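Hi,

Here is the structure I said I'd pass on. Have a look at it first, and then read on for what turned up when I went through its charged side chains.

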Amino acid sequence: MKITVLYGTESGNSELVAEDLGAKLRETHDDVEIFDLQDFDPADLTAEHFYVVVCSTHGEGDLPNTAIDFAEKFDQLLPDLTGMRYAIFGLGDSFYDTYSQGSEHLDRRFTAQGAERVGEYGRHDASSWDMPSDIALEWLPGAMEAAGLALAG
Ligand SMILES: Cc1cc2nc3c(=O)[nH]c(=O)nc-3n(C[C@H](O)[C@H](O)[C@H](O)COP(=O)(O)O)c2cc1C
């Protein structure tokens with residue numbers, strides 16, 4: 001199955017996570033693409049692909065810069081996402097009351113349009129000592145198992 005990694009970021013952490021998850025996925029899958037959400041048209045979402053979504057939180061629990069236009073276009077289009085499956089990994093900082101809510105704006109939109117989230121909702125807390133990619137790479141195998149997709153050990 002084709003896998004598309006989508007990321008929304010403001011200061012680059014989610015991009016690094018997306019690149020590292022993409023590299024891990026490419027060890028097992030031939031067809032893995034990675035897009036910044038600002039370069040991705042919501043009309044291109046399809047049940048033919050499995051999506052791994054990585055997105056941070058900015059403002060007060062808001063989407064990061066590179067995801068804002070995508071969300072606006074999505075709301076105009078309201079694509080039928082029936083049959084589409086995705087896993088999601090959110091970045092945030094538990095210092096904020098609005099911890100990790102940025103990615104949830106995408107999660108809500110996707111499920112409202114009929115897509116199915118699989119696996120645990122992944123999260124990285126910038127107040128922890130952990131590197132975002134380390135936590136994301138620990139999260140990925142469970143998400144891929146829930147999706148029924150293989151991953152190199
Ligand atoms: C100005 C600013 C506002 C932020 N607001 C929130 C927030 O409301 N909730 C949250 O959980 N994290 C918040 N964060 C933390 C970021 O989500 C976190 O640092 C994340 O790793 C950034 O990822 P990115 O580089 O992909 O944008 C904020 C960070 C900054 C700099």
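To start with one residue: is Lys24 buried or exposed? Lys24 is buried, at a relative accessible area of 18%, which falls under the 20% cut-off. Bear in mind that this is a predicted model.

Lys24 has a partner, too: Lys24 and Glu27 make a salt bridge, with 3.1 Å between the closest N and O atoms. Glu27, for its part, is exposed, and its relative accessible area is 53%. So this salt bridge pairs a buried lysine with an exposed glutamate.

In total the count is 4 salt bridges, and two others are worth pulling up on your screen.

One is between Arg109 and Asp75, whose side chains meet at 2.7 Å, N to O. Arg109 belongs to helix 3 (residues 102-112) and Asp75 to helix 2 (residues 65-77), so this contact ties together parts that are 34 residues apart in sequence. Asp75 is partly exposed, with 36% relative accessibility.

The other joins Asp107 to Arg117, and here the closest N and O atoms are 2.8 Å apart. This pair also links distant parts of the chain, with Asp107 in helix 3 and Arg117 in strand 5 (residues 116-117), 10 residues apart. Asp107 is buried, at 8% relative accessibility, whereas Arg117 is partly exposed, with a relative accessible area of 34%.

If you want a place to begin, try helix 3: Arg109 sits there and pairs with Asp75 of helix 2, and Asp107 sits there and pairs with Arg117 of strand 5.

Cheers

Key
Residues numbered from 1 in each chain as written. Predicted model: local features only at pLDDT ≥ 70, side-chain atom pairs only at ≥ 80, totals over all residues. Heavy atoms only, no water. Buried < 20%, exposed > 50% of the residue type's maximum accessible area, 1.4 Å probe, protein only. Helix = DSSP H or I, 4+ residues; strand = E, 2+ residues; numbered from the N terminus.
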